Every structure is written in C-alpha cells, then in structure tokens.
Amino acid sequence: MSTRDLSPGTRTGSMVLLWAAACVQACQALYFWVMGLGWGGVLYTANVVQGAALLVTAIALAARRRLLVLLVPVLSLLLSLGLQQVDALLTARACSPDAKAAVAELGLGYLVDDGDPFTYMLAFPTGCAALFSASDPVPVVLQHYGEAARQAGWDVVADPSSSRVEMSNARWTVEVEPAHEDGLISLLVHPRA
C-alpha cells in the first residue's frame, strides 16, 4: 500500500511515520554494529549486514511512500534476536576439561554447587566464564581466590583488595570480579596471553 492512496491531510503524517521507521532502522543498524564489537564472528557479521541491508530497504520504501517500511525495523529486530539465540546455542557448551582443571587447582570454593559446578559455565572460543552468587561480601570472595592462587603457586596479577583479582599460571589466567548484576560474581578463565 502507498501513501498516495491516502487523503492529503493524512499523507503528511504518514510521511513522517515512514521516515521515522527508517530512522528507527538506522538506529538499530548502528546499535547492531556497536553491540557486536565484543561479539565478533560470522553471526555478528550477518547481524550487521542484515541491519544495513534493511536500512537501505527502509530508505527505499520510505522514498517510494510505501507503508511496508513500518515492518522493516520489526523484521530487523526479530532477525537480530534470532541471530543472538543461534550464537548462544553455538557457544553454550561445556567448559573444556583443561579450563575446569585450572579453576579446580585454585580450589572451587564459592563455585561449588550440588552438581557439577561447571554445568552453568558459558564457553567461548578462548575460554569460559561462570556467574555465581556468594553469601560473603565481594572483598572476602576475592581474597579467598587470591590466597588460593598464591598457595597453588600462581601469580596474582591484581590486588585482591581491589574490585577484582586476576591470577595466572603458565597456561591460564583466571579473573574474578563482581558481575554487572547485584550479588553475582563473574569468573573468567582463558589461556594466558
């Protein structure tokens, strides 16, 4: 359907709506690009390409006064969410046995739960991460991991009294810090650079 089919009074309002939809798509395309700077990979590229391609489509439809432009940002958002879910499915695999052994060498401490403490760890190409909650204050948790690292012969790179602690041995680096969510601690394991 075209805005040419509408009365002159509603035509101007429709044009504003059409260009607003194109602007929303432009904002989404920019967001996809910025959001993915830490994401990377094929799925990130696909997300940026779909955002840019649908931006061109939105501009073309708005210029031709086609009301279909209103669906473009919605379609783009759904595609982005789908790509993020695919990415999560592809990367959500068990932490490698070597990474598990690196954390176990520090003493699992707060990471222990009823089952395998690594079942909820998220793997990514260079390592894995876990979120856990601790009843103790963050400085106590960080001090625990810093002391455990020293006892295991690891180098403690960051001071445990700060807001994070980083430990390294010959192969692995483990970082422990408060997560962005209240009450949660983030543990990141990756090969030493």
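**Exercise 1. Helix α5**

Task: In this predicted model, compare the span of helix α5 with the span expected for its 14 residues.

Solution.
1. Helix α5 covers residues 138-151.
2. The expected span is 1.5 Å times one less than the number of residues, which gives 20 Å for α5.
3. From the first C-alpha to the last, α5 reaches 20 Å, close to that expectation.

**Exercise 2. The buried side of α5**

Task: Find which residues of α5 are buried, how they are placed around the axis, and what covers them.

Solution.
1. Buried here means a relative accessible area under 20%.
2. In α5, V141, L142, Y145, G146, A148 and A149 are buried.
3. These residues lie on the same side of α5, because they cover an arc of only 165 degrees around its axis.
4. Their cover includes strands β2, β3 (155-156), β4 (165-168), β5 and β6.
5. Just after the helix, G153 has a positive phi of about 85 degrees.

**Exercise 3. The partners of β6**

Task: State how strand β6 pairs with β2 and with β5, and give a residue pair for each.

Solution.
1. Strand β6 spans residues 184-191, and β2 spans residues 127-133.
2. Their pairing is antiparallel, with 6 bridges.
3. A130 has L187 of β6 as its bridge partner.
4. Strand β5, residues 172-178, also runs antiparallel to β6, and 7 bridges join the two.
5. Opposite T173 stands H190 in β6.

**Exercise 4. R171**

Task: Locate R171 and list its contacts beyond its neighbours within four places in sequence.

Solution.
1. R171 sits in the loop between β4 and β5.
2. With those neighbours set aside, R171 is in contact with D98, H190, P191 and R192.
3. H190 was met above as the residue opposite T173.
4. A102 is 69 residues away from R171 in sequence, yet their C-alpha atoms are 8.6 Å apart in space.

**Exercise 5. The whole chain**

Task: Describe the protein chain by its order of elements, its buried share, its contacts and its exposed area.

Solution.
1. The chain has 5 helices and 6 strands, in the order α-α-α-α-β-β-α-β-β-β-β along the sequence.
2. Of its 193 residues, 36% are buried.
3. Among contacts with a separation of 6 or more, 51% join residues 24 or more positions apart.
4. The exposed area is about 10,800 Å², and carbon and sulfur atoms supply 64% of that area.

Key:
Residues are numbered from 1 along each chain as its sequence is written. This is a predicted model: local features need pLDDT of at least 70, side-chain atom pairs count only at pLDDT 80 or more; totals for chains, interfaces and linings use all residues. Side-chain values use heavy atoms; hydrogens and water are left out. Two strands pair if DSSP finds at least two bridges between them. Helices (H or I, at least four residues) and strands (E, at least two) are DSSP runs, numbered from the N terminus. Buried means under 20% relative accessible area, exposed over 50%, partly exposed in between (1.4 Å probe, protein chains only). Contact means heavy atoms within 4.5 Å. Accessible areas come from the Shrake-Rupley method with a 1.4 Å probe; for residues, only the protein chains shown count as cover. The arc is that of the directions from the helix axis to the C-beta atoms.
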